[in-house]
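Student: I would like a close look at a single part of this protein, with enough of its surroundings to place it. Could you walk me through it slowly, as one connected story?

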Amino acid sequence: MMKFRFRRQGNDPHREKIKQDLFAFNKTVEHGFPNQPSALAYDPKLQLMAIGTKSGAIKIYGAPGVEMTGLHKDTAAVTQIHFLYGQGRILSLLDDNTIHLWEIVQKENRSHLVEVHSFNLPGRPGIESTSATRVTVMLLKLSCDLLALGTEGGGVHFLELPTLTLLNKSLFQDEVMQSVPEEYKCGKSLGPVESLQEHPQDSDKILIGYSRGLVVLWDLNSRHVDNLFLGKQQLESLVWERSGNSFVSSHSDGGYMVWAVSSSNPCTHDPISSTIPYGPFPCKAVNKILWRTTESGAPLVLFSGGMPRASYGDRHCLTILQDSSHVTLDFTSRVIDFFTIHCTDKDKEFDDPSALVVLLEEELVVIDLQMAGWPTVPAPYLAPLHSSAITCSCHISNVPPKLWERVISAGQQQCPLQKYENWPICGGKNLAPDPKQKELLLTGHEDGTVRFWDASGVSLKPLYKLSTANIFQTDCDHNDSLTQAGEEEWPPFKKVGCFDPYSDDPRLGIQKISLCKYSGKLVVAGTAGQVIVMVLSDEKSDHMIDVATVDLLQDREGFTWKGHDRLPPKSGSVVFAPGFQPVVLVQCMPPAAVTAVTLHAEWNLIAFGTSHGFGLFDYHRRNPVLARCTLHPNDSLAMEGPLSRVKSLKKSLRQSFRRIRKSRVSGKKRVVVNSPTSKVQEANAQLAEHDEVTPVQRRIEPRSADDSLSGVVRCLCFADTFLRD
């Protein structure tokens, strides 16, 4: 294998073939939250959820371990997805105005998502432009035999399912306008179709909502307008009340209206009620609203948006209203879509919703609607790995059962509610056998946390969260108390979700992790030169942390640290929950980011390196064994910290490209024999002349004297040397 690494540059087909045989990387599973989600759907019969993304992917989730992925041929964003009720089929609408039908098929005892049909809506020749036939909304009838498409031009087209055949019974605005009173027309267009909703009791009737505010109840069989609702506010969404006697519309002014549907009054001018929950000041649009009836009496109203524009226009919120109960769920990322899990049996009188599922830009949040206070339900999958920016990771395979049980026990004591029995999306069956060995993934984060994940199967499950912030004196606690004290009672915000991209102190960031799976000892190193040795304990502890300082410069003159300060450790004893607890804190000086760390539990030794040098520490005796400086006399940039390094990025890139250029032409230039660099180039030239190079030989690059990062310790390793002395 080594001989291919040092051959002359060039495309050798034989080499490429052998390279593929030697290095076979196959993607087996994707962990974490989908990148840039854009659409959401749910099948209440199969209990499956689907998420569409901006890259054209469709991901289906059911019970833990049940996951499928389909990828459109074109990388256009998925704007809408709908399940064909109980059939294992999905319709998707892409940003390029194409509609695709997908089907879950069984192959070799495995389920796959396969595209079956696709369709593109044509325009009327000479009448409609391309933008007029752009699909704005899709309605899939409950019978799954008809698909209605609302367009930007205000037309509604119908497709036969599952063949996606266009039917010759399209409805255009001019046909609807014949039934509209003259005083409402005002020479204005009705605008795009914003919402299509099937009548809950009569499947031959659909509700059509236009952007201008007009809502029409249309009979598909008789092609007749049954009712007109003359709304004057720009429409955002519609939802039926279960009985079909009324519906709710949400609007761009931050309000919603309840309209009565009566055969005796075919033209309704005013709604039963109109509410702007966060008025009277100007509010943002209510993008989507759901109205769910409950056996207890008062309906449950859920809507996204509607915040006061001036005060909270930048918040991402979803409101839950029921009688006197009012909660404004405050998220840290944008709301993409949401649905409720409720009773869909036509014989039942009430919806009685049990859970609310909210798809956000960076995470999935599930709310229990049956428990008091509407708490969140922990998710067994789709946990956002990047809830705080990931700064490092560590994978441990074949974890011993004892360590595994202790980590799980610590996690359960930390989060007693972390039980997945109540998870509502539980369709499908995981046919994969139980993993033969346990796999542990550790992720270090910018906020100073280390998270432990179960990476044994398809879905990545959170097990335990370790925080290092409580060891140090930071401004975080002070800021939190100020925020809570100054928080207003209205709107009644409730922080929900775990995605938090902001760090109160970037020095807390975890840079390196090393875990010994046999002894249960853990070393965590951070951005401000902190190296923390931890042991796994099953009991709560209250103790002081031993602090040791290691000077890596060894009083070398001519160097002054210009970067960030060290994190001051807390004085006095600190209370630690069961789990990993700190034994000793080793502080590197200068407090530069730790670039390498390793642990040897048998020898009670840790080694750590920064851009200035490396150190060896005996954590049993609490004393440093060795400190060695690796700085070059010209390494002035290493003393300025990471923020100053950004300024010299152009310089570093320029130097790198110069070195690459030098190495490429080194074999062709005539050289002066006496200089040491020329000897290196001569050796390289001789190596380049041979087609075959023995594995022992390698090219030697002259190290540049002005290389600003030459002192960085990249890797450390303990090894048995078997030396007698």
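Tutor: Happy to. Let's begin with a pair of strands: strand 2, residues 48-53, runs antiparallel to strand 3, residues 57-61, and four bridges hold the pairing. To find your place along that pair, look for Ile51, which sits across from Lys59 of strand 3. Keep in mind throughout that this is a predicted model.

Now follow the chain onward from strand 3. Strand 3 also pairs with strand 4, again in the antiparallel sense, this time over five bridges. Here a good landmark is Ile58, whose opposite number in strand 4 is Gly70. The hairpin made by strand 3 and strand 4 has five residues between the strands, and within that hairpin Gly65 adopts a positive phi near 100°.

Step back a little and the pairs join up. They belong to an open sheet of four strands, ordered 1-2-3-4, with antiparallel pairing. At its edges are strand 1 (37-43) and strand 4 (67-71), each of which pairs on one side only. On average, neighbouring strands in this sheet are turned by 15° against each other, direction ignored.

Strand 4 deserves a second look for its two faces. Met68 and Gly70 form the covered face, while Glu67, Thr69 and Leu71 lie on the uncovered one. Gly70, then, belongs to the covered face and is also the residue that stands opposite Ile58.

A little further along the chain you meet another sheet. This open sheet has four strands in the order 5-6-7-8, and its pairing is antiparallel. Strand 5 (78-84) and strand 8 are at the edges; each has a single partner strand, so one side of each is left without a neighbour in the sheet. From one strand to the next, the twist averages 25°.

Within this sheet, try tracing strand 7 and strand 8. Strand 7 covers residues 98-107 and strand 8 covers residues 110-120; the two run antiparallel and are joined by 10 bridges. Two cross-strand pairs make handy markers. Val105 has His112 of strand 8 as its bridge partner, and Trp102 stands opposite Glu115, also in strand 8. The hairpin of these strands has two residues between them, and there Glu108 takes a positive phi near 50°.

With the sheets in view, let's visit two residues elsewhere in the chain. Start with Arg242, which lies in the loop between strand 17 (235-240) and strand 18 (246-251). Is Arg242 buried or exposed? Its relative accessible area is 13%, which falls under the 20% cut-off, so Arg242 counts as buried. The side chain of Arg242 also makes a polar contact of 2.7 Å with the side chain of Asp351. Setting aside residues up to four places away in sequence, Arg242 touches a list of residues that includes Pro200, Gln201, Thr293, Cys343, Phe350 and Asp351. So if you display Arg242 on your screen, Asp351 is there both as a polar partner and among the touching residues, with Arg242 itself buried.

The other residue is Thr328, found in strand 25 (residues 325-331). Its relative accessibility is 0%, so Thr328 counts as buried. Its side chain makes a polar contact of 2.7 Å with the side chain of Tyr278. Leaving aside neighbours within four places in sequence, Thr328 is in contact with Tyr278, Met307, Cys317, Leu318, Thr319, Pro491, Pro492, Phe493 and Lys494. It is also worth picking out Lys495: Thr328 and Lys495 are 167 residues apart in sequence, yet their C-alpha atoms are 8.6 Å apart in space.

That sequence-distant pair leads to the chain as a whole. Of the contacts with a separation of 6 or more, 57% are between residues 24 or more positions apart. The secondary structure comes to nine helices and 45 strands. Of the 725 residues, 48% are buried. The chain exposes about 37700 Å², and carbon and sulfur atoms supply 50% of that area.

One last stop comes from a database record. In an unreviewed entry, UniProt lists residues 440-454 as "repeat: WD". In the model, that span is 80% strand and 0% helix, and its end C-alpha atoms lie 5 Å apart.

Terms used: Residues are numbered from 1 along each chain as its sequence is written. This is a predicted model: local features need pLDDT of at least 70, side-chain atom pairs count only at pLDDT 80 or more; totals for chains, interfaces and linings use all residues. Side-chain values use heavy atoms; hydrogens and water are left out. UniProt positions are given in the numbering used here, feature names are shortened, and annotations may be inferred rather than shown by experiment. Buried means under 20% relative accessible area, exposed over 50%, partly exposed in between (1.4 Å probe, protein chains only). Contact means heavy atoms within 4.5 Å. Accessible areas come from the Shrake-Rupley method with a 1.4 Å probe; for residues, only the protein chains shown count as cover. Two strands pair if DSSP finds at least two bridges between them. Axes are lines fitted to C-alpha atoms, for helices over the stretch in contact, and angles run from 0 to 180 degrees between N-to-C directions. A polar contact is a pair of N or O atoms within 3.5 Å; within protein, one must be able to donate a hydrogen and the other to accept it, and residues adjacent in sequence count only if both atoms are side-chain atoms.
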